[in-house]
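Welcome, and take a moment to look over the sequence and the model. The report below walks through a few local features, one after another.

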Number of protein chains: 2
Amino acid sequence: MNVVVGQSGGPTVAINASLAGVFEEAVRLGAEKVYGMQNGIAGFLQEKLVELNDLLDDSEKIELLKRTPACFLGSCRHKLKGAEQNEEEYKKIFSVLEKYDIGYFFYIGGNDSMDTVAKLSAYANKIGSKVRFVGVPKTIDNDLTETDHTPGYGSAAKFVATTMKELVRDTSIYDLYSVTIVEVMGRNAGWLTAASALAKGEDCCGVDMIFLPETPFTMDGFFQKLSAKLKEKKSLVIAVSEGIKLPDGRYVCELASSAQGEDVFGHKQLTGTALFLAGECANRLKIKARAIELSTLQRCASHIASLTDIEEAYRVGAGAVQAAAEGKSGVASVFIRTANEPYSCAVEVREIDKIANQEKTVPLEWIDTEKDDLTEEYLAYARPLIQGELTPVFENGLPKHLCMK
Amino acid sequence: MNVVVGQSGGPTVAINASLAGVFEEAVRLGAEKVYGMQNGIAGFLQEKLVELNDLLDDSEKIELLKRTPACFLGSCRHKLKGAEQNEEEYKKIFSVLEKYDIGYFFYIGGNDSMDTVAKLSAYANKIGSKVRFVGVPKTIDNDLTETDHTPGYGSAAKFVATTMKELVRDTSIYDLYSVTIVEVMGRNAGWLTAASALAKGEDCCGVDMIFLPETPFTMDGFFQKLSAKLKEKKSLVIAVSEGIKLPDGRYVCELASSAQGEDVFGHKQLTGTALFLAGECANRLKIKARAIELSTLQRCASHIASLTDIEEAYRVGAGAVQAAAEGKSGVASVFIRTANEPYSCAVEVREIDKIANQEKTVPLEWIDTEKDDLTEEYLAYARPLIQGELTPVFENGLPKHLCMK
C-alpha cells in the first residue's frame, strides 16, 4: 500500500519538517512508496507525483529538508468545490488514488487545506472508499482551532521577536525623535504581531506599542498615545498587524487607498498599513518616520528557525501517519498543551470538520487594557514556542537548502 | 594617558566589534582610562562620556558587545565645519580632550566620520597638540576608498544573500507567474545589492536580475528583459539598489513621485524603488508582483553576522590603536587583501585625507555585459567576506545583546 503527501497554502519555515515527519513515519510503518504531489491537489489532479523514497534517500537530505523554507513539493491555492458541484474532480482524484494504489492521503496546510481533507474524506465515506485522509496543520498565522498552536508559528514568532530586538537597537542610536512602524502579517488574527511582545527583556526595552486586528484602531487614539510616549522616549518602535481595522470594520490601509486614490496613470496604489501610518506620523508630527514591512521574510527565515517548532512540525506529521495507520480518517493532528513550565505538548487528532474554515484569533483577555500590548498570559503561552535553534548547514557562508531541481 | 572612542553615522552589525577591538587593544597597551563618547562628536561636545573600563569589565560583556547590532555608544550625524568657519567647536573639543587627559582619539564611522578625523588631526597639527586621531572605517555600503572592503559589509552581504536564497524558495512554490522586486540599500554604490549574486549555487538558481546604481536603468530595457525571462521561468526574483538611476541621472524612484504626486491631503508620497517597479509590473504585465524592502534589517541582523566580518572589525579597531601607539595620526586603519584563496587580509593604515568624503563604487568590469548580473571576479572578491558565523548567545529563545541601560 502506498502513501501520498502534499503541501498547500502559504509557505512556512516548518512545513518541510512536517513533510519529513510524514515521510519517515510512513516508511517506518511499512509504506511501500511515499509519493509527493507537486503543487498540492492541483498537481495531483494532473498526476504530478514524485517518489519521495528516491528524493529523500539519506539522512543528510532529511536534515536539509528540515532546514529548507517554503514547500519542497510546491504549493497551490486550489480550493475544491463541493462534490455536488464538481464531482468530476473528485472522480479524477479517486481514480489517481486507485491507479497509484494509494491508501493514505496526507495534506499539510492551513484552514483551506483542512477543508480539502474534510471534503475528500466525506466523499470517500460516501462512495465507500477505504482511503484515509488526514490533515497536518501549518500556518505562521497560528489561527487554526482545536490545536494549541500551529507548526510554523514558533519560527515566524522567533524571527519577528529577534528582528524587533535588533530594530530597537538600530533605532535608538541617534539622539533624535523618530517613529518606526513595523508591519507584521495577519489579516484577521494578530498572533504573529503579538510575538513582538517577546522582544522585551533585561537587555531590551521592547517595542513601544503593539496593535492587533482583534481590537479596533482609531487614528486619534493612536496619535494621542504616540504623543504621550514621545514625551518619555525619543525613538519609538511600533508593531502593527497588516490587518488592523477601524471601528467601522474597514482596514486602516484602506485609508491610504482612499487618501491616495489612483495615480495619474490610473494605477491602484499599493501602500500598506505601516507605510500609511509612517506617512501620517511624518506629516502630522514632523518627525522622522520609517515604515518597515517584514513581508515574506517572516515566513521563510529558516536561518533563525525555532528548534521547538521544527521538532513539533516533524512530530505532527508523524502523528498524522500514526492516526491513519490506526484507521482514522477525516481528522487532523493537533497539539494539546499539557504544561507551560516545563513546557510539554502532546500530539493528538481532532475531527477535521471542527478545524476546516475556522479561524482562531488572539483572546481579548490576552490583550492589555490599553489595547497596545500583550499580557503575561500571552507571553507564557508564546515563549516556549520560540525556544532552541536549528542551526543551518552552512556551505560557502550561506544556509544550504534541499531543492527538487 | 587616556583614550576616547566614538561611533558615528549609520549602524552596522560590526561596529561594536570594532569598539571591542579599540577598547581591548588600548587596555593591553596600557591606557589608563578608555572613555566612550555617547552619540559621537555631538555628545563629546557636551562632555557625554562614559567609562568603558567599567562598562566592559568582563569577557562575557565583550562577547555580547560583538554580537550586539548598531552603536553601543550611540551615534550622530554631526558634521564638523572647517576650523576657519567654527573654531569655537574645535576649541571646545580640544579643551575636553585636555580636561580628561586624552591623548588618543578613535572614531569609528563612514566617509563623513573620516572627514571629522581628518579635520581634527589637521587642527591638532596647526595648534601643536600631541593628541593623535585615527579613524576606524565601517559601513554596510562598502564604499570607502583605500580599503579592500569595509567592516560591516560582510555581515550585511551575508544577510542579503541568505534572505535572497530564502526568498527564491518562497516565491517558487506556486505554479503561477510572479515577480518579486527586492530593494537593497545603496544610493550611489551597488555593493550590497551585488551581494544578491552570492545566492546562486548548487541548491539555488539565484536571483534572476540585479540592477546597481553604477549602470543606467531604463524602464523599457527592464521590461524587455523581464518579458524574455518570463518565457523561461514563472517566478522571478529581482534585486535592485534603492539608488538605481535613469540615463538622465534621476533616481528611478523619482518616477514614482512624479507619477503619484501628492495625495489629496497634500502629503508627499513615500514610495520606494521596489514598490514603484512592482506596481509597474502588476499594471503592465497583469501578473502578481510584490515589492520587498530589506530596509534597516540588512544593517542590524546580527543574528546572521559573518564571523569573518566581526573578527576583521575587531582587528581594524585594534590596528587603529596600534597605529596611534606608534605615533601615527591623521590616518585610518584599512584592509589590504593579499590573497583570495586562501583568503588573507592585512590591517594597515592609510592617510585619512584619501578616504574622507571619497566614494568607491562597484568597478564596471565586475558588472556583466547584460548589466543585470555580477561577474565571477566580484564573487571571488565577496565570497570570503561572508564566511563563518558568530553564533548569538541565546536567552529565552532570542539573541542576547549588551546595552548601556
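## Cis bonds in a loop

Pro342(B) sits in the loop of chain B that joins strand S10 (331-340) to strand S11 (343-351). The peptide bond leading from Glu341(B) into Pro342(B) is cis, with omega near 0°. In chain A, Pro342(A) is found in the loop between strand S10 (331-340) and strand S11 (343-351), and the bond from Glu341(A) to Pro342(A) is cis, with omega near -5°. Helices (H or I, at least four residues) and strands (E, at least two) are DSSP runs, numbered from the N terminus.

This is a predicted model, in which local features need pLDDT of at least 70 and side-chain atom pairs count only at pLDDT 80 or more, while totals for chains, interfaces and linings use all residues. Residues are numbered from 1 along each chain as its sequence is written, chains are lettered from A and ligands numbered from 1 in the order in which they are written, and side-chain values use heavy atoms, with hydrogens and water left out.

## Positive phi in chain A

Here are two residues with a positive phi that are not glycine.

| Residue | Phi | Loop in chain A | Relative accessibility |
|---|---|---|---|
| Asn39(A) | near 55° | between strand S2 (34-37) and helix H2 (40-45) | 12%, buried |
| Asp101(A) | about 55° | between helix H5 (87-99) and strand S4 (102-109) | 42%, partly exposed |

Buried means under 20% relative accessible area, exposed over 50%, and partly exposed in between (1.4 Å probe, protein chains only).

## Two helices side by side

How do H1(B) and H13(B) pack? Helix H1 (residues 15-28) and helix H13 (residues 307-325) of chain B meet at an angle of about 40°, and their axes are 7 Å apart. Axes are lines fitted to C-alpha atoms, for helices over the stretch in contact, and angles run from 0 to 180 degrees between N-to-C directions. H1(B) and H13(B) are therefore oblique to each other; angles under 35 degrees count as roughly parallel, over 145 as roughly antiparallel, 65 to 115 as roughly perpendicular and the rest as oblique. Among the residues making the contact (heavy atoms within 4.5 Å) are Ala17(B) and Gly21(B) of H1(B), and Ala313(B) and Gly317(B) of H13(B).

## The cores

The largest nonpolar core has 88 residues, and Tyr378(A) and Tyr378(B) are among those with the most contacts inside it. Such a core is a set of buried Ala, Val, Leu, Ile, Met, Phe, Trp, Tyr and Cys residues joined through side-chain atoms within 4.5 Å. A second, separate core has 37 residues, including Tyr174(A) and Val331(B).
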